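Me: I would like to go through this model by asking about its empty spaces, the contact of its chains and its unusual backbone angles. Please keep the answers short.

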Amino acid sequence: MSSLPQEVLFTLPIPPHKSPAAPSSGGKITVSKLTLPTADPSNPTASTSMSSHPAQGKPRPKHGDPAPTPPIYLLTHHSPPDNRLSPHFLSTYLHALLKLQHGGYPYGLLLTTSSIPKFYSNGLDLATFTPETKTKYLYPLWRKLLTYPMPTCAVVNGHAFAGGLMTAMFHDYRVMNPHRGWLCLNELEFDAELQPAMAEIFKVKVPNAVFRSLVLEARRLTSLQALEAGLVDGLGGVEEAVEVMTDVDGGHGRGVMVVGARGRKTVYGKLKEEIYREVLAALDMKQDVEDEMWEGRRKDRETREREEKELLERLGREGKAKL
Amino acid sequence: MAPPSQEVLFSLQIPAHKSPAAPSPGGTITVSRLSLTPSLPRDATAFQSMSSNPAHGRARPRHGDQPPPPPIYLLTHHSPPDNRLTPPFLQTYLHALLRLQHGDYPYGILLTTSSITKFFSNGLDLATFQPSDKPRYLYPLWRKLLTYPMPTCAVINGHGFAGGLMLSMFHDFRIMNPHRGWLCLNELEFDAELAPAMASIFKAKLTNSTFRSLLLEARRFTSLQALEYGLVDGLGGLEEAVNVMTDVEGGHGRAGMVVSVRGRGTVYGKLKEEMYKDVLTQLEMSELEETQIVERRMLDRVMRDKEEKILIERLGGVEKAKL
């Protein structure tokens, strides 16, 4: 785990989850604030040099000199054995995000990770998954992550399978452990269909060739492959994530700096509502509308299959007639 | 290559613009036709060898031997101090495009650039900007650019900020000055939301991760970064733009060549109507529709905020009850 000193802000217990396939004895979600090592005064921190364009000459700091790094929060989820997205897990996770957002804490950067070394998350527990799990727990959490008013970075420490990978995708950024873990969407392997909201996040965030291999091959991507495919933005752990997310020049730190300065006035979450409008429409789809969609698709398939068989027969007869 | 000589076809006056923040004394939009120096060997061979596939053996010219290079038009906008997208600017720009399209000029390639060295365009003048300016002036110009029946290439000579960057994105191609200027969307820095029409062009033309860095980090892209991330298609000035847009094999010259042969019968603009129909849907929204969408989203946010606070209390209450 991270060696950076942490000040625990709050801990929420995850109640136990009964299941024939993936029972859990319960766990917890902890939200801490990280303390960064103090900057060396002789070597100005990255946050001071906001511009390194040669034509502009010397770097100019943006909000005073030097701008303090905004707070960095770390949400650690722990639900043994493998962080399944059970209703309890999802509900507690959402509770933690809401508490951080509305609890008077200054805005900054949110990192999330698992304290179970082998797993970031093994996804949904299909044995107990119901449409209610989806609309009442799963989609509200994903929606909150996707539109969170602070930059979010998933530190993928271990395996992220199916729903676990999807949860990481609903973050703004991803940093993955170079030494362990696979990313994988294995719907193909157990004959599960892909829900619209699940497909939509990948359609928006990764090129079709990557999405194709993920879904149609149930391919397992190692960290290097994930980086190459653009599924993750960097390799490392919490420390590397902090570096990448606070580096204003070479990394993604500028957003964090502006959000830290703007606080609750920030438009960060609203901008994401616009960027991800299609994904949100899928997440917000009412269950009865979605049911109609599935039913329509099923009927359509049946009709087409019937028509195709008739066509086949007709073509076969015509073929014989010509001989 | 010697700088191409220009024959001015027409010049339109941009009326003055009053503003507390970005006043302008007025300016001009000039449309010229470029003549390339005949000593350029590249043009001749570019049109001669239409196919360089080794499997085909010798090169086969397409429309007779050495079709003439297409006409190259240059639209130069000049609205000091920094080419703000004010109603007079936008209207005059649209006028120039319409005049070129419908004025009996043979179809070819359209390059556009600014004659103000430091700025391609610094975007909208927010001090005087009215919401009604969008459907009245801004969107009609963008729509015309996006569906223009000739290939369009923005020669970005200097800064392209916010609306200025968007203006270049509505062109088919972009060549950027390697030595000066940034591309940037700085909505995040002044708490501005992004209109659906503005977001849509980026969603259509960039990867999500590039759009994320543009918008959620308000990142300033230098020319090299812009090229790397696919914001622009090449680096250089007018000469390089001409090279790239007339190079049939290695560049994008095929477009101009086919369009100049097809002339007014070309399907070029209609192809773009299909490619970018999602963007056009946004651009064609009336002011009322856009306002309704923004308002609905705001009401949704307010409602969710309330619900979230109630949910926190309930979840917190449940926890306390357990203790």
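Me: How many cavities of 30 Å³ or more does the structure hold?
Reply: This is a predicted model, in which local features need pLDDT of at least 70, side-chain atom pairs count only at pLDDT 80 or more, and totals for chains, interfaces and linings use all residues. Residues are numbered from 1 along each chain as its sequence is written, chains are lettered from A in the order in which they are written, and side-chain values use heavy atoms, without hydrogens and water. A cavity is a set of points on a 1 Å grid over the protein atoms alone where a 1.4 Å probe fits but cannot get out. The number of such cavities of 30 Å³ or more is 2.

Me: Which helix gives the largest share of the lining of the largest cavity?
Reply: Lining residues have an atom within 4 Å of a cavity point, and the space here is about 60 Å³, a volume being what probe spheres set on the points fill. The lining includes M169(A), D172(A) and D233(A) from one chain and N208(B), S209(B) and R212(B) from the other. Helices are DSSP runs of H or I with at least four residues, and strands are runs of E with at least two, numbered from the N terminus. The largest share, 3 residues, comes from residues 208-216 of chain B, that is, helix 6.

Me: What does R212(B) form a salt bridge with?
Reply: A salt bridge is a side-chain nitrogen of Lys or Arg within 4 Å of a carboxyl oxygen of Asp or Glu. The pair crosses between chains, from helix 6 of chain B to the loop between helix 6 (223-229) and strand 10 (234-235) of chain A. With N and O 2.8 Å apart, the partner of R212(B) is D233(A).

Me: How many salt bridges does the rule find across the interface of chain A and chain B?
Reply: In this interface, 46 residues of chain A are in contact (heavy atoms within 4.5 Å) with 42 residues of chain B. One of the salt bridges joins K144(A) to E308(B), with the closest N and O atoms 2.8 Å apart. Over all chains the structure holds 33 salt bridges, and the number across this interface is 9.

Me: What area is buried between chain A and chain B?
Reply: Buried area is the accessible area (1.4 Å probe) that two parts lose on being put together, summed over both. Carbon and sulfur atoms give 53% of the total. That total is about 3700 Å².

Me: Where does the cis peptide bond at P81(A) lie, and what is the value of omega?
Reply: P81(A) lies in the loop between strand 3 (72-78) and helix 1 of chain A. P80(A) and P81(A) are both in the lining of the second largest cavity, which holds about 40 Å³ of space. In chain B, P80(B) and P81(B) are also joined by a cis peptide bond. For the bond between P80(A) and P81(A), omega is about 5°.

Me: Which residue has a positive phi although it is not a glycine?
Reply: The residue lies in the loop between strand 9 (183-184) and helix 4 of chain A. With phi at about 55°, the residue is D191(A).

Notes:
1 Å grid on protein atoms, 1.4 Å probe; cavity = no way out; pocket = protein on both sides within 12 Å on 5 of 7 lines; lining within 4 Å.
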